Amino acid sequence: MKFKLNVWRQENAKSAGRFEKYDIDGITSGHSFLEMLDVLNEKLVMQGKDPIAFDHDCREGICGSCSLVVNGRAHGPQEAATTCQLHMRKFRDGEEINVEPWRAGAFPVIRDLAVDRSSLDRIIQAGGYVSVRTGAVAEANAIPISKDVADRAMDAAACIGCGACVAACPNASAMLFTAAKVRHLNLLPQGQPERDMRTIKMVEQMDAEGFGACSNHLECEAACPKQISADFIGELNRDLATAMLRARGASGNASAGG
Amino acid sequence: MALQSNCPTGPIEQRWEKHRFNLKLVNPANKRKYEVIVVGSGLAGGAAAASLGELGYKVQCFCYQDSPRRAHSIAAQGGINSAKNYQNDGDSVYRLFYDTVKGGDYRSRESNVYRLAEVSLNVIDQCVAQGVPFAREYGGMLDNRSFGGAQVSRTFYARGQTGQQLLLGAYSALERQVAAGTVAMHTRHEMLELIVIDGRARGIVTRDLSTGKIDTHVADAVVIASGGYGNVFFLSTNAMGCNVTATWRAHKKGAFFANPCFTQIHPTCIPVKGDYQSKLTLMSESLRNDGRVWVPKSAEDCEKKPGDIPEADRDYFLERRYPAFGNLVPRDVASRATKVVCDEGRGVGPGGLGVYLDFRDSIERLGKPKITERYGNLFDMYHHITDENPYEAPMRIYPAVHYTMGGLWVDYNLMSNVPGLFVLGEANFSDHGANRLGASALMQGLSDGYFVIPYTLGDYLAKVAPTSTAKDVTKDHVEVKAAKKVVTDRLKTLLAVNGKRTVDSFHRELGKLMWDECGMARNEKGLNGALEKLPVLREEFWKNVCIPGMGESMNQELEKAGRVADLLELGELMCRDALNRNESCGGHFREESATEEGEAKRDDEAYCYVAAWEHTGEKTAPTLHKEALEFEYVKLSQRSYK
Amino acid sequence: MSTQASSLTNTTIGKKMVMAVSGLVLFGFVIGHMLGNLQVFLGPDAINGYSHTLHATPVLIWGARSVLLVAIVAHATTAISLARLNRAARPVAYAVKKDIATDYAAKTMFWSGLTIALYIAYHLAHLTFGMTKGLGYQHLPFDANGLPDVYHNLVQSFRVPWCTALYVVAQGALSMHLYHGAWSLFQTLGVNHKRYNETLRSSAVAVAMAVCVGFLAVPLAVLFGVVK
């Protein structure tokens with residue numbers, strides 16, 4: 001198979017980027033999209049040109065490193081799959097393919113197609129954990145958790161933190177990521193003591209990073225390689241409202257007491 | 001130099017407790033004066049950095065990925081073992097210990113393995129408390145399954161994403177410490193050199209992969225948890241970035257490399273489809289519970305459609321060779337049997353490198369819905385990758401490199417022979433002997449990180465004055481500067497070669513050579529051949545590799561080149577180790593050491609030891625040190641699955 | 001609680017909730033307004049009587065007007081603040097971007113809202129304040145009894161084709177705006193449930209259609225001479 005590629009090239013965060021056109025030949029339908037880029041990169045290296053930088057690691061759809069917008073879709077045309085799991089048989093022979101990085105102010109470009117997603121880590125730092133000391137914990141079966149709750153927490157926890165939700169959202173909002181992370185822990189009994197603080201702090205951090213707001217376009221859900229439901233966003237909204245109400249009540253009582 | 005394992009003595013079930021009591025403690029007020037470097041942020045590194053930060057040490061953690069949550073521990077599918085005996089099926093700490101020693105073909109330390117089995121109980125408690133959503137029964141209790149042919153159900157799991165969920169637990173604990181200011185996290189940083197001063201590990205040199213900046217970091221101890229070296233084979237189930245650089249640099253600075261030839265080949269991977277292939281995908285070995293493995297009896301039938309081959313012309317070779325265990329023989333046995341039939345020319349699919357894993361009989365017996373319920377996601381994955389529907393035609397599978405049991409030599413405290421250098425998880429050699437049991441890698445990583453290093457590191461630190469007060473080593477120290485210069489010089493040399501071959505072309509060639517001569521079966525002739533070819537390949541690499549661009553920016557070719565350069569050297573040591581060990585044990589199969597039926601034959605008289613290799617210089621052969629293995633509890637016997 | 005909980009409305013989620021709640025108020029008004037309009041079909045006495053009752057109870061009309069004003073101001077200012085925030089969140093646009101799940105209504109919320117706002121200004125000027133200069137007819141603020149004559153004002157103005165045309169355009173914008181707003185406010189307020197999501201979506205379509213038909217019935221009836 002042959003393809004015409006239109007790839008975003010950018011030296012670093014500060015420089016302006018541009019599209020470059022590449023012709024590539026000798027690709028089979030079994031090549032993954034990233035293997036096709038490998039072939040192109042080897043060619044570029046042999047021509048003494050800089051290969052295209054892109055993030056990738058596990059190549060089995062679980063590490064969340066790969067992050068390409070292919071023909072206008074985060075992770076490309078294959079549903080429920082990361083870019084590394086996208087195969088060239090999804091494209092027509094001779095097709096022109098447009099490749100761009102995740103575009104968001106909170107994801108500055110490092111080089112070419114590689115972006116800095118540390119903003120997602122900082123959302124976790126704000127409260128995406130259960131504060132337990134190593135070793136100071138109860139016996140694992142001490143708290144029974146109904147299968148429904150455990151399964152639903154697992155649905156949320158399946159998030160691989162790739163950022164496709166942000167890339168696909170017309171507002172570059174990180175609501176699906178934040179909602180999945182907040183709800184995973186808020187659903188479980190272990191997450192209850194810190195529930196309100198976690199919700200408030202993670203949402204505040206999400207805003208501080210400069211992600212957009214949710215306009216319920218549901219593009220995030222459609223782009224998510226792990227098919228995380230946007231219902232979690234509704235649940236996050238509810239959790240935040242109740243957390244804020246309770247926080248107000250608590251601070252009101254405190255000032256009355258003081 | 002005699003290797004001191006520092007294993008405690010006495011009744012095995014009391015050793016760890018006794019040892020912990022004897023370990024020195026660091027005064028709480030003094031902990032913050034000690035700086036600790038952790039390289040790697042997977043299950044072992046992440047858990048260690050989080051736990052050490054929480055104890056009050058000043059921790060700096062490094063990973064090459066863009067987030068600590070992306071370490072390759074994330075890809076483990078099946079589960080994590082623990083001797084909880086929740087199923088009341090006769091499991092115990094002792095049984096897990098026994099199974100692990102036996103499964104490792106008697107090439108691991110009893111004391112270490114017992115401790116691993118013991119703290120496996122705490123690991124599950126810890127993960128549950130962190131919010132890891134393990135699978136549950138309808139009553140709300142944790143669910144277990146039997147894994148990898150184990151006779152008890154001791155594996156905890158979270159759908160097919162257990163590694164991911166455990167790593168997210170460790171990652172959340174780590175990020176909590178980052179927020180608390182006890183851990184400084186350096187993502188997109190790669191360790192390129194170990195700094196050793198007066199015989200002690202005192203820091204590392206790193207390269208910032210986004211900017212190319214080379215920096216030095218000084219500390220009181222260095223903990224390496226950088227994973228395994230399966231990528232020496234180019235194609236493996238490892239992530240693309242997995243590498244040996246951190247451990248190899250430490251090895252060249254004096255740390256012994258133990259049992260490098262012990263690699264695990266996983267039998268159920270999707271076969272290679274072409275030269276362009278970049279990695280292999282594993283499918284859970286639970287598939288072997290209901291799938292039957294076969295090839296045509298005659299090589300002429302290999303081109304036929306599987307459905308056109310009548311029952312009488314099929315060879316269910318695992319069931320034939322191992323009637324007692326059938327398709328459920330351990331990983332190493334299944335992989336070798338597969339190689340044998342493919343070597344006979346009876347392999348199927350492209351290049352004859354594949355065997356059928358057939359669910360036809362199971363679908364007939366249990367019905368398609370039941371099979372979908374059990375393996376639906378795996379079938380979908382297979383269908384997605386190969387574009388073939390496994391409900392209609394049998395899957396094709398082939399073994400692939402999956403895990404490396406070898407690694408840096410460590411004592412019972414997980415400290416290498418270089419004082420102050422600790423090694424955890426897959427990066428060390430300690431617990432799995434010559435073969436690792438399914439669902440035990442996650443257990444070891446977390447055990448090392450959460451429940452071993454927090455105690456044993458303190459014992460070491462209590463004996464040394466903190467750098468922050470002693471001020472004996474700073475960034476201006478001559479050795480620190482020298483280490484930095486070594487790194488910048490090496491990078492400059494690489495960039496200056498400007499040859500005609502890509503890094504990947506060298507990596508592919510290395511991988512093929514290693515797979516052919518030091519893969520599933522090894523022999524003296526092949527290994528000697530590889531040992532002649534590898535230095536030639538290495539020399540060509542340094543003369544003819546082509547890396548465009550410069551060092552002062554993100555340069556992924558340069559990153560790869562540095563890793564491949566180290567893998568080329570490691571490959572030689574692996575072959576040397578494989579050549580030295582003229583016995584078959586676990587994942588290491590020497591054709592010279594087989595029974596008449598072609599089964600592995602251990603030689604306990606000659607090889608019941610850990611082979612720890614010392615680097616002696618670029619031009620000289622490494623020196624072999626032997627740590628004798630003693631078995632007080634588990635009786636040495638030949639594994640048999642007939 | 002140790003966190004210095006800032007107010008909900010400082011968060012993007014809080015802002016969306018302001019949009020949802022104020023939108024809900026305005027939605028209620030729209031329904032009420034539509035039902036009021038439909039009284040045209042009952043003849044001049046019905047709709048004029050309704051208008052008289054309203055005007056005769058200042059608490060009611062001014063109460064309603066103040067609530068509406070607060071809702072409009074909140075809805076508009078928050079919309080502007082969110083739109084700026086969303087624009088800033090993606091400084092470099094995609095050269096190629098395909099949408100999978102979203103629809104035209106959702107993507108044009110800001111513009112349909114702006115269209116409605118402009119129309120409301122015109123609508124108030126026209127029918128409430130009687131600024132009809134140049135429309136080609138005489139505004140008749142009062143009937144023979146000196147009471148406001150809503151009926152004839154309405155009939156006169158909608159006989160002017162472009163008046164009706166403007167109205168139709170505004171209704172189009174309103175229906176789309178209501179369709180997206182009606183289902184998404186449940187998600188924003190977190191009161192949705194996956195069991196009802198499908199029903200919510202189809203109900204939103206039904207409501208938006210009903211409002212559209214309800215509002216358009218009057219001017220079209222006038223234009224085609226059904227109501228005289």
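How many bridges join β1(B) to strand β9 (residues 221-224) of chain B, and in which sense do the two run? Keep that question in mind as you work through the exercises below; the model you are looking at is a predicted one.

**Exercise 1. Find the partners of strand β1 of chain B (residues 35-39).**

Solution, step by step:

- Start with the opening question: β1(B) and β9(B) run parallel and are joined by four bridges.
- Now pick out a pair of residues: B:V36 has B:A221 as its bridge partner in β9(B).
- Turn to strand β2 (residues 58-62) of chain B, which also pairs with β1(B) in the parallel sense, over five bridges.
- Here B:V39 is the residue to look for, standing opposite B:F62 in β2(B).
- Finally, add helix α3 (residues 43-55) of chain B: together with β1(B) and β2(B), this helix makes a right-handed β-α-β unit.

**Exercise 2. Decide whether β1(B) is enclosed or open to the outside.**

Solution, step by step:

- Recall the cut-off: a residue is buried if 20 or more other C-beta atoms lie within 10 Å of its own.
- Take one side of the strand, where B:E35, B:I37 and B:V39 are buried.
- Then take the other side, where B:V36 and B:V38 are buried too.
- Put the sides together: five of the five residues are buried, so β1(B) is largely enclosed by the rest of the structure.

**Exercise 3. Describe the surroundings of B:S5.**

Solution, step by step:

- Locate B:S5 in the segment that comes before α1 (12-22) of chain B.
- Count neighbours: B:S5 has 19 C-beta neighbours inside 10 Å and therefore counts as partly exposed.
- Set aside the neighbours within four places in sequence, and B:S5 is in contact with B:R109, B:D411, B:Y412 and B:E627.
- For a separation across the chain, go to B:E311, 306 residues along from B:S5; the C-alpha atoms of these two are 54 Å apart.

**Exercise 4. Work out how domain 1 and domain 2 of chain B meet.**

Solution, step by step:

- Mark the bounds on the sequence: domain 1 covers 268-399 and domain 2 covers 478-604.
- Compare their centres, taken over C-alpha atoms, which are separated by 31 Å.
- Look at the contacts: six residues of domain 1 of chain B touch six residues of domain 2 of chain B.
- On the domain 1 side, helix α9 (residues 331-343) of chain B gives the most, with five residues.
- Sort the residues of that side by character, and you get two nonpolar, one polar and three charged.

Note on methods: Residues are numbered from 1 along each chain as its sequence is written. Chains are lettered from A and ligands numbered from 1 in the order in which they are written. This is a predicted model: local features need pLDDT of at least 70, side-chain atom pairs count only at pLDDT 80 or more; totals for chains, interfaces and linings use all residues. A residue is buried if 20 or more other C-beta atoms lie within 10 Å of its own, exposed if 12 or fewer, and partly exposed in between; C-beta atoms are placed from the backbone. Two residues are in contact if their C-beta atoms, placed from the backbone, lie within 7 Å. Two strands pair if DSSP finds at least two bridges between them. A crossover is right-handed if, with the strands pointing away from the viewer, the path from the first strand over the helix to the second runs clockwise. Domain bounds come from an automatic or database domain assignment. Ala, Val, Leu, Ile, Met, Phe, Trp, Tyr, Cys and Pro count as nonpolar, Asp, Glu, Lys and Arg as charged, and the others, Gly among them, as polar.
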